[in-house]
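Q: Could you walk me through this one before I set anything up? I'd like the conventions stated as we go.

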Amino acid sequence: TAGEVHVLGVVPGVRPAAAASLAEVFGVAFPALDDREELLRTELGFFGLPVTLFVDADGQVRHVRNAPMDEETLGELVTEHLGVSA
């Protein structure tokens, strides 16, 4: 939907129960996909976590960030690379 940003996590290399526990500790509330074989990270060529992909409505990757960020930085990057006000 125009003007919305959807967040989806990918959990590489860990059991779903362990990922759920970690998400609870950090207050993560967005859905996540299981990638125990780490296929996405291998395909993207990133081995350090976290990796954040900013993907537009057409499925094009507009920006990649391979570092942690706070909520303010996330909002700024969403605006800059996706044109959506956070």
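A: To begin with the vocabulary, helices (H or I, at least four residues) and strands (E, at least two) are DSSP runs, numbered from the N terminus. This is a predicted model, in which local features need pLDDT of at least 70 and side-chain atom pairs count only at pLDDT 80 or more, while totals for chains, interfaces and linings use all residues. Residues are numbered from 1 along each chain as its sequence is written, and side-chain values use heavy atoms, with hydrogens and water left out.

Q: Fine, so how many helices and strands are there, and what pattern do they follow along the sequence?

A: The protein has three helices and four strands, and reading along the sequence gives β-α-β-α-β-β-α. Its C-alpha trace spans about 35 × 30 × 25 Å along the principal axes.

Q: Which strand does strand 1 pair with, and in what sense?

A: Strand 1 pairs with strand 2 (residues 32-35) in the parallel sense, over four bridges, where two strands count as paired if DSSP finds at least two bridges between them. Between these two strands the chain passes through helix 1, and this β-α-β crossover is right-handed, meaning that, with the strands pointing away from the viewer, the path from the first strand over the helix to the second runs clockwise. As for individual partners in strand 2, glycine 9 is bridged to alanine 32, and proline 12 to aspartate 35.

Q: And what about strand 3?

A: Strand 3 pairs with strand 4 (residues 61-65) in the antiparallel sense, again over four bridges. Valine 55, which lies in strand 3, stands opposite valine 61 in strand 4. The hairpin that these strands form has five residues between the strands, and glycine 59 there takes a positive phi near 85 degrees.

Q: Which residue other than glycine has a positive phi?

A: Glutamate 38 is such a residue, with phi near 60 degrees, and it sits in the loop between strand 2 and helix 2. For context, most residues other than glycine have a negative phi.

Q: Is glutamate 38 buried or exposed?

A: Neither label fits, because glutamate 38 has a relative accessible area of 24% and is therefore partly exposed; buried means under 20% relative accessible area, exposed over 50%, and partly exposed in between (1.4 Å probe, protein chains only). Over the protein as a whole, 14% of the 86 residues count as buried.

Q: Switching to electrostatics, how many salt bridges are there?

A: The count comes to three, a salt bridge being a side-chain nitrogen of Lys or Arg within 4 Å of a carboxyl oxygen of Asp or Glu. Glutamate 38 takes part in one of them, with arginine 41, at 2.1 Å from N to O. Arginine 36 and aspartate 34 form another at 2.7 Å, and aspartate 56 pairs with arginine 62, the closest N and O atoms being 2.7 Å apart.

Q: How accessible are those partners?

A: Arginine 41, at 15% relative accessibility, counts as buried, and so does aspartate 56 at 18%. Arginine 62 is partly exposed at 47%, as are arginine 36 at 46% and aspartate 34 at 39%.

Q: Now the pocket: how much space lies in the largest one?

A: About 1,800 Å³ lies in the largest pocket. On a 1 Å grid over the protein atoms alone, a pocket is an open set of points with protein on both sides within 12 Å along at least five of seven lines, whereas a cavity is a set of points where a 1.4 Å probe fits but cannot get out; lining residues have an atom within 4 Å of a point. Grid points are joined across faces, edges and corners, and the volume is the space filled by probe spheres set on the points.

Q: Which residues and elements line it?

A: The lining has 44 residues, with Val7, Leu8, Gly9, Phe30 and Val51 lying nearest the pocket's centre. Strand 1 (9-12), helix 1 (16-26), helix 2 (39-44), strand 3 (52-55) and helix 3 (71-82) each supply at least two lining residues, and the largest share, seven residues, comes from helix 1.

Q: What is the chemical make-up of that lining?

A: The lining of the largest pocket divides into 34 nonpolar, five polar and five charged residues. Here Ala, Val, Leu, Ile, Met, Phe, Trp, Tyr, Cys and Pro count as nonpolar, Asp, Glu, Lys and Arg as charged, and the others, Gly among them, as polar.
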